[in-house]
Amino acid sequence: MMLSEEEFGVVALSLKVGLWAVAVSLPPAIAAAYVLARKRFAGKALLDAAIHLPLVLPPVVVGFLLLELFGRRGPIGALLEPLGIEFAFRWTGAALAAAIMGFPLMVRAIRLSIQAVDTRIELAARTLGASPLRVFLTVTLPLAWPGLVTGAILAFARALGEFGATITFVSNIPGETQTLPLAIYTFTQTPGYDAQVLRLSLLAVALSLVALALSEWLVRRTGATETAHA
Amino acid sequence: MLEVDVTLTQGGFRLDAVFAAQAPIVALFGRSGAGKSTLVNAIAGLVTPDRGRIAVEGRTLFDARSGIDLAPEDRRVGYVFQDALLFPHLTVRANLAYGERLTPPHERYVDRARVIELLDLQRLLDRRPSGLSGGERQRAAIGRALLASPRLLLMDEPLASLDAARKAEILAYVELLRDELRLPIVYVSHSLEEVTRLADHVVVIGEGRVLAEGALAAVMARPDMAMLAGRFEAGTVIEARVARVDEAHGLTTLAFDGGELVVPNLDALPGEPVRARVRARDVSIALTRPEGISIQNILEAKVTALASEYGAIVDVEMSVGGATLLARVTRKAVAELGLRPGLGVHALVKAVAIDRRSVGFA
């Protein structure tokens with residue numbers, strides 16, 4: 001199946017939006033997961049609920065809220081505009097919407113794997129002279145690796161499929177914010193483009209399968225080195 | 001010199017421990033749940049006492065009054081945990097290097113090659129913890145702690161999860177460490193066998209308090225230790241020197257200031273100082289020197305006390321020269337022999353009752 005230039009542009013934009021969404025949300029997701037897994041503090045339930053909000057809210061509502069906050073006149077958007085960071089009707093806005101929608105999935109996967117790390121191994125590292133930050137980087141994160149991979153892939157897949165928040169926040173601009181689902185939607189609205197819809201849908205399936213296979217491979221690879229000498 | 005004076009409450013459990021010890025190996029001895037692990041965790045900085053002070057070789061690690069509370073990574077206190085707790089994602093080599101790399105070069109006094117040789121780790125270097133046996137893991141964990149060049153090594157029941165053969169192996173390694181590295185060790189155990197074999201100074205912990213502390217022999221001779229050790233293991237420790245080795249019969253004769261003790265061969269050289277633990281149930285009492293008897297050790301003794309008369313059993317405390325022996329006999333025997341403090345008797349100890357496992361090299 002050869003891709004037309006237009007189709008290629010749609011896929012490339014979707015991948016760019018998905019990768020940026022994952023890259024940008026990974027550090028805060030790790031921080032949130034660690035805090036939720038390990039710390040006790042007042043308002044923890046509230047933070048947990050806030051993080052999960054995009055999972056239960058209608059995506060359109062999330063898109064609307066983003067528009068209100070990050071739009072050119074929104075309180076955050078107005079603040080960022082002089083710095084050259086713009087979201088409204090830009091691909092960066094699509095990435096932001098995708099990141100927020102995927103965030104709860106990512107936090108959840110990472111949190112579970114951090115909870116599975118034996119804290120006594122971390123204490124052992126402390127007695128060997130490692131600061132808490134070093135313990136986190138050299139012990140906790142490597143041991144939570146499968147959860148990191150799973151979380152990143154889940155969020156990436158979610159980003160590829162993101163529709164409602166994206167179209168509400170940054171509209172459907174070909175070449176700028178028209179990701180794969182938006183392109184499919186556009187074609188379904190235009191009579192005579194059924195073949196186009198089918199081609200793009202097959203592409204979406206293929207991309208999702210590749211992402212899944214990649215995560216499986218990444219998790220297995222580390223698992224394999226761990227048991228290679230058993 | 002290890003100085004500890006702390007109070008610590010942890011979910012309804014209160015630990016109140018005061019002791020100071022100057023010895024190559026200090027044993028924290030007591031039943032499980034007595035507070036031993038909490039105490040070593042406080043020394044390592046993994047739990048924070050409510051009040052008090054902890055110092056190692058004159059260096060204050062914790063002092064509530066002056067607000068000193070060094071982080072675990074700044075204490076230079078090595079910790080060998082009961083279940084090794086190696087880093088599962090790293091090879092043994094990388095596990096060993098972890099603490100070593102974090103130690104400033106001028107602080108390193110432990111040679112990696114020597115530790116690998118001492119603990120026989122060469123073959124294991126490229127393996128992962130999941131592929132190691134319990135004994136191998138524990139050896140790697142000891143190596144890992146040592147290579148961080150600690151000023152004190154804590155060992156919390158390092159043998160508890162091992163079988164008898166592995167236990168003996170690791171014990172031998174610990175003895176090697178003590179003799180070669182001159183690193184002070186705090187050894188936590190509920191096993192009298194391990195404590196006798198290794199420790200010079202014992203701190204007995206029970207219900208969050210120090211019940212007794214001091215030199216091993218002195219502590220073991222206390223009558224209340226019999227209760228703590230349990231019926232089977234109650235006994236005393238005799239400090240002695242190897243006097244002669246009888247290769248022909250496979251026997252070693254130990255001399256102490258109450259006489260001589262013949263035991264199965266210890267692979268020790270004449271003149272070497274040793275500690276022999278004699279269990280109360282392996283000691284009998286005769287009023288006159290018996291003849292035509294298989295027992296090799298007949299010692300002149302004097303009854304000093306009759307203790308813990310529960311049920312049919314009496315622990316008879318005797319002085320043999322400067323040493324103390326306990327004999328566990330029936331109340332009937334006490335009555336028939338007319339045992340009372342001050343009475344001169346003969347203490348009979350079977351040579352085979354004192355095996356390699358109940359002897360430690362001081």
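Biologist: Which residues of α3(A) meet α5(A), and what makes them count as being in contact?

Modeller: From α3(A) come Pro59(A), Val62(A), Gly63(A), Leu66(A) and Phe70(A), and they meet Gly93(A), Leu96(A), Ala97(A), Ile100(A) and Met101(A) in α5(A). Two residues are in contact if their C-beta atoms, placed from the backbone, lie within 7 Å. Please keep in mind that this is a predicted model, where local features need pLDDT of at least 70 and side-chain atom pairs count only at pLDDT 80 or more, while totals for chains, interfaces and linings use all residues. Residues are numbered from 1 along each chain as its sequence is written, and chains are lettered from A and ligands numbered from 1 in the order in which they are written.

Biologist: How many residues of that helix contact are nonpolar, polar or charged?

Modeller: Eight are nonpolar, two are polar and none is charged. Nonpolar covers Ala, Val, Leu, Ile, Met, Phe, Trp, Tyr, Cys and Pro, charged covers Asp, Glu, Lys and Arg, and the others, Gly among them, are polar.

Biologist: Why are α3(A) and α5(A) called oblique to each other?

Modeller: Their packing angle is about 130 degrees, with the axes 11 Å apart. Axes are lines fitted to C-alpha atoms, for helices over the stretch in contact, and angles run from 0 to 180 degrees between N-to-C directions. Under 35 degrees is roughly parallel, over 145 roughly antiparallel, 65 to 115 roughly perpendicular, and the rest oblique. The pair is therefore oblique. The crossing itself is right-handed, meaning that the near helix is turned clockwise from the far one by less than a right angle (anticlockwise would be left-handed).

Biologist: What are the elements of chain A?

Modeller: Chain A has eleven helices and zero strands. Helices (H or I, at least four residues) and strands (E, at least two) are DSSP runs, numbered from the N terminus.

Biologist: Over in chain B, is Glu157(B) buried or exposed, and how do you know?

Modeller: Buried means that 20 or more other C-beta atoms lie within 10 Å of the residue's own, exposed means 12 or fewer, and partly exposed is in between, with C-beta atoms placed from the backbone. Glu157(B) has 22 such neighbours, so it counts as buried. Glu157(B) sits in the loop between β8 and α5 of chain B, and its phi is near 45 degrees, positive in a residue other than glycine.

Biologist: Which class does Glu207(B) fall into, and why?

Modeller: Glu207(B) has 14 C-beta neighbours inside 10 Å, so it counts as partly exposed. Glu207(B) lies in the loop between β10 and β11 of chain B, and has a positive phi of about 45 degrees without being a glycine.

Biologist: Why is β3(B) described as largely enclosed by the rest of the structure?

Modeller: Five of the five residues of β3(B), residues 25-29, are buried, so the strand is largely enclosed. Ile25(B), Ala27(B) and Phe29(B) cover one side, with Val26(B) and Leu28(B) on the other.

Biologist: What makes β9(B) a paired strand of β3(B)?

Modeller: Two strands pair if DSSP finds at least two bridges between them. Five bridges join β3(B) to β9(B), and the two run parallel. Parallel β10(B) is joined to β3(B) by four bridges. Ala27(B) is bridged to Tyr187(B) in β9(B) and to Val202(B) in β10(B).

Biologist: How many residues of chain B are in contact with chain A?

Modeller: There are 22, facing 17 residues of chain A. In chain B, β7 and α2 each supply at least two of them.
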